[in-house]
Amino acid sequence: PSTNPAFRVGTPMRVRLEKDAVDEVLYQGYLDTVDVGYDPDGDQHIMTITAFDSFKKLVNTRLSLFDTTDPEEYPDGWATPYEVVEQLADLFGTSMNAASEATAGEIPGATYENVIPNVVLYDAIKVGLALFWVDPATEEFVLIPRPITLDPTDKYTIGNNHGEDKHLCMSDIEVISDIDAVY
């Protein structure tokens, strides 16, 4: 990393699984930190790479203007959660994933200057009773309504096994809490 100018913080990176008929992007993000070391016992160099995905980039980006008051676009004076997320996608330089669905709810029109997108995104998720994520392969935004009822016989898994039907894609989850705040 110290001699390669292309291997710097913010460099796009992708983890892809290619084996036999499988060709799937498991992770797509941006280089955050690189720690380099040496293990004298194993006589090997060790490199630890930390990266962040486009969701972190989204919620930490500052937008100069976010507006849902245009009477031509929002004639009723409000925007749907889908429209809010779609505008965020446009401002972020991506689009809505084909798997996205419209959700119920109306968010009053507002103009935000110098805003971090997590403010309006959080409102869209709450008002729309929705689930939101960034598709790892395409970096498109996905917004879907939350399941209304869960079948108690269904088994939902959290992890990185993409072969599961009821799969919530997450890995390396770390939870930290204060013992005084958790009972």
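1. The contacts of Gln 28 make a useful starting point. Leaving aside residues up to four places away in sequence, Gln 28 touches Met 13, Arg 14, Asp 53, Ser 54, Pro 136, Ala 137 and Glu 139. The model under discussion is a predicted one. Gln 28 belongs to strand 2. Is this residue buried or exposed? Its relative accessible area is 18%, and because buried means under 20%, Gln 28 counts as buried. The side chain of Gln 28 also makes a polar contact of 3.4 Å with the side chain of Glu 139.

2. Glu 139, the partner of Gln 28 in that polar contact, leads to a second element of the chain. Glu 139 lies in the turn of a hairpin formed by strand 8 and strand 9, where it has a positive phi of about 60°. Six residues stand between the two strands of this hairpin. Strand 8 covers residues 130-134 and strand 9 covers residues 141-145; the two pair in the antiparallel sense over five bridges. Within this pairing, Phe 132 stands opposite Leu 143 in strand 9.

3. Strand 8 also shows how the two faces of a strand can be told apart. In a regular strand the side chains alternate between the two faces of the sheet. In strand 8, Ala 130, Phe 132 and Val 134 make up the covered face. Leu 131 and Trp 133 make up the uncovered face.

4. The overall composition of the chain may now be set out. The chain contains three helices and eleven strands. Read from the N terminus, the order of these elements is β-β-β-α-β-β-α-β-β-α-β-β-β-β. Of the 183 residues in the chain, 26% are buried. The chain exposes about 12,700 Å², and 52% of that area is supplied by carbon and sulfur atoms. Among contacts with a separation of 6 or more, 51% are between residues 24 or more positions apart.

5. The strand that holds Gln 28 is part of an open sheet. This sheet has three strands in the order 1-2-3, with antiparallel pairing. Which strands stand at the edges? They are strand 1 (12-19) and strand 3 (44-53); each has a single partner strand, so one side of each is left without a neighbour in the sheet. From one strand to the next, the twist averages 55°. Strand 2 and strand 3 run antiparallel and are joined by ten bridges. In strand 3, Thr 48 is the residue opposite Asp 35.

6. The next matter is charge pairing. Side chains of opposite charge can pair when their charged atoms come close. How many salt bridges does a search of the whole structure find? The search finds three. In one of them, the side chains of Glu 18 and Arg 16 meet at 3.4 Å, N to O. In another, the side chains of Asp 23 and Arg 16 meet at 2.6 Å, N to O. As to their surroundings, Glu 18 is exposed, with a relative accessible area of 57%. Arg 16 is partly exposed at 36% relative accessibility, and Asp 23 is partly exposed with a relative accessible area of 48%.

7. A further salt bridge joins Asp 32 to Lys 56, with the closest N and O atoms 3.9 Å apart. This pair links distant parts of the chain, since Asp 32 is in strand 2 (residues 22-39) and Lys 56 is in helix 1 (residues 54-59), 24 residues apart. Asp 32 counts as partly exposed, at 24% relative accessibility. Lys 56 is partly exposed too, with a relative accessible area of 36%. Elsewhere, salt bridges that share partners join Arg 16, Glu 18 and Asp 23 into one network.

8. The last point concerns a loop residue. Asp 70 lies in the loop between strand 4 (63-67) and strand 5 (78-79). With 30% relative accessibility, Asp 70 counts as partly exposed. A polar atom of the Asp 70 side chain lies 3.1 Å from the backbone nitrogen of Glu 72. How far apart in space are Asp 70 and Ala 110? Their C-alpha atoms are 9.3 Å apart, while the two residues are 40 residues apart in sequence.

Conventions. Residues are numbered from 1 along each chain as its sequence is written. This is a predicted model: local features need pLDDT of at least 70, side-chain atom pairs count only at pLDDT 80 or more; totals for chains, interfaces and linings use all residues. Side-chain values use heavy atoms; hydrogens and water are left out. Helices (H or I, at least four residues) and strands (E, at least two) are DSSP runs, numbered from the N terminus. Buried means under 20% relative accessible area, exposed over 50%, partly exposed in between (1.4 Å probe, protein chains only). Contact means heavy atoms within 4.5 Å. Accessible areas come from the Shrake-Rupley method with a 1.4 Å probe; for residues, only the protein chains shown count as cover. A polar contact is a pair of N or O atoms within 3.5 Å; within protein, one must be able to donate a hydrogen and the other to accept it, and residues adjacent in sequence count only if both atoms are side-chain atoms. A salt bridge is a side-chain nitrogen of Lys or Arg within 4 Å of a carboxyl oxygen of Asp or Glu. Two strands pair if DSSP finds at least two bridges between them. Axes are lines fitted to C-alpha atoms, for helices over the stretch in contact, and angles run from 0 to 180 degrees between N-to-C directions.
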